[in-house]
Amino acid sequence: MLPNELSYILNELGEDRENYFNAIAPPIIQTSNFAFKTVEDLRKVFENEMSDYVYTRGINPTTDILRKKLAALDGAEDALIFNSGASAIYAAVLANVSSGDHIISVDKPYTWARKMFDNTLTRFDVTTTYIDGRNINNFDDALQLNTRVIYLESPNSWDFVLQDLEAVAAFAKKHNIVTIIDNSFCTPLYQRPIEMGIDLSLQSATKYIGGHSDVVAGVLTGKHDMLRKIFDGELLAMGNGISPFNAWLLLRGLRTLPMRLEKISATTTQMIEFLKTRTEFEEIIFPLDPEFPQYDLAKKQMSGACGLVTAVFKPIAFKQIVKFVESLRHILIAVSWGGYESLVIPSCASMSESEYDQSNREHRMVRFYFGLEEASYLQQDINKALEKIRS
Ligand SMILES: *Cc1c(COP(=O)(O)O)cnc(C)c1O
């Protein structure tokens, strides 16, 4: 995307200032419903709730400004905004499967996507095969006559494994399969899956788009016809659209998205250089690091990678990892990412000490999110916490 186009999208697209007192900031139209002069007007609107305002569970003027901007950022025909990233995942998948269908998913999708595949969809006879998405042949091997959906997440948010998006899209088109990607890691600023042939691209807008750790939301983009089906079905029926106020928070976040991602990326580069000098770690994982196994693919399909970095401790006791993480004073222990505050989460948080296996590299991972603080402030924090576990 050209820089001028980006500025136009963020500043003007979808905004109709003359209609609201020439206010610079978009209005929060906090209403549940809209009035009509005639029964005929109401009847017409019932035919197309996706483009006319009738009830805020569907669309609303504030939500619609955001919708236009997010579609344009993704280079997509249209967008739907949900009250969480998880809702966007649910709607996208559910809309494209029927009882007896089959899904091919990457082997480590986002936790709640996996729970949907394993716990909910199985009740409706929809089965899922998990594959290592790094090898395109694995998609072919998993293919069944009833495969309807390929579910991707590239990179994932722990070890940043990628799929070759153009290759998967081409394979899926040949077999008439819908492709869905979770693009939360990159945002459309750093990876444009729709342009690579993926049908539906989704993000947790809670992360970088919101950008201030104060709103939970999701966005799904793709062709208008596909989204229309989801709007009429999953969105209106499940009632999982976004509220006007939360949409407004995302509009506010969007204004600074490009500069926040630039700053976070610059800090992350400094943090990676620093982490590599610390002998406590055996590996620093980051998709745009030349040592990353899929570096060439990452460079080909991503133009940036932002703030998530995973550090793998050399073999170390469970208690030492816990002590390190708890000794951090500025970097907070928390899930999620994308806000001002840097965060940390150790993989051993999802297991008990007896389940912890020092010889398992995945158990020794600590995932950092580097936010908008200065790198030196974060480095000092990590240095001090590492000193604590040396003594
Ligand atoms: C957070 C997250 C989600 C879910 O989004 P919510 O907004 O929390 O519902 C989905 N995928 C990834 C990769 C995430 O990090």
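# Exercises on strands, helices and unusual backbone angles

Five bridges join β4 to strand β5 (residues 178-182), and these two strands run parallel. The exercises below concern a predicted model, and each task is followed by a worked solution.

**Exercise 1.** Find which residue of β5 stands opposite Y151, and then describe the sheet in which β4 and β5 take part.

*Solution.* Step one is to look across from Y151, where I180 in β5 stands opposite. As background, strands of a sheet pair through backbone hydrogen bonds, either parallel or antiparallel. Step two is to follow the order of the strands, which is β1-β7-β6-β5-β4-β2-β3, so that seven strands form an open sheet with mixed pairing. Step three is to name the edges, which are β1 (78-82) and β3 (127-131), since each of them pairs on one side only. Step four concerns the angle between neighbours: on average, neighbouring strands of this sheet are turned by 20 degrees against each other, with direction ignored.

**Exercise 2.** Determine which strands are touched by helix α5 (residues 111-120), and which strands α7 lies across.

*Solution.* Step one is to take helix α5, which packs on the sheet and touches β2 (102-106), β3 and β4. The direction of α5 makes about 135 degrees with that of β3. Step two is to take α7, which lies across β4 and β5 and runs at about 175 degrees to β4.

**Exercise 3.** Decide how the axes of helix α4 (residues 85-94) and helix α9 (residues 224-238) are arranged, and list the residues through which α4 and α9 meet.

*Solution.* Step one is to compare the axes, which come within 10 Å and cross at roughly 135 degrees. Step two is to classify this angle: because it falls neither over 145 degrees nor in the range from 65 to 115 degrees, α4 is oblique to α9. Step three is the hand of the crossing, which is right-handed where α4 passes α9. Step four is the list of residues: Y90, A91, A92 and L94 in α4 meet I230, E234 and M238 in α9. By class, this contact has six nonpolar residues, no polar residues and one charged residue.

**Exercise 4.** Place H224 in the structure, and state how far E77 is from H224 in sequence and in space.

*Solution.* Step one is to locate H224, which is found in helix α9. Step two is to judge its accessibility: because the relative accessibility of H224 is 29%, between the cut-offs of 20% and 50%, H224 counts as partly exposed. Step three is to compare separations, for H224 and E77 are 147 residues apart in sequence but 5.6 Å apart in space, C-alpha to C-alpha. Step four is to list contacts: leaving aside residues up to four places away in sequence, H224 touches M50, E77 and D78.

**Exercise 5.** Describe the backbone at F21, at C306 and at the bond from S154 to P155, and decide whether F21 and C306 are buried or exposed.

*Solution.* Step one is the background: most residues other than glycine have a negative phi, and most peptide bonds are trans. Step two is F21, which has a positive phi of about 60 degrees although it is not a glycine. F21 is placed in the loop between α1 (3-11) and α2 (39-46), and F21 counts as exposed because its relative accessibility is 83%. Step three is C306, which is not a glycine either and has a positive phi of about 60 degrees. C306 lies in the loop between α12 (295-301) and β9 (308-313), and with a relative accessible area of 1%, C306 is buried. Step four is the peptide bond from S154 to P155, which is cis, with omega near -10 degrees. P155 lies in the loop between β4 (147-153) and α7 (165-174).

Conventions:
Residues numbered from 1 in each chain as written. Predicted model: local features only at pLDDT ≥ 70, side-chain atom pairs only at ≥ 80, totals over all residues. Heavy atoms only, no water. Helix = DSSP H or I, 4+ residues; strand = E, 2+ residues; numbered from the N terminus. Buried < 20%, exposed > 50% of the residue type's maximum accessible area, 1.4 Å probe, protein only. Axes fitted to C-alpha atoms, helices over the stretch in contact; angles between N-to-C directions. Parallel < 35°, antiparallel > 145°, perpendicular 65-115°, else oblique. Left-handed = near helix turned anticlockwise from the far one by under 90°. Contact = heavy atoms within 4.5 Å. Nonpolar A, V, L, I, M, F, W, Y, C, P; charged D, E, K, R; others polar. Pairing = 2+ DSSP bridges.
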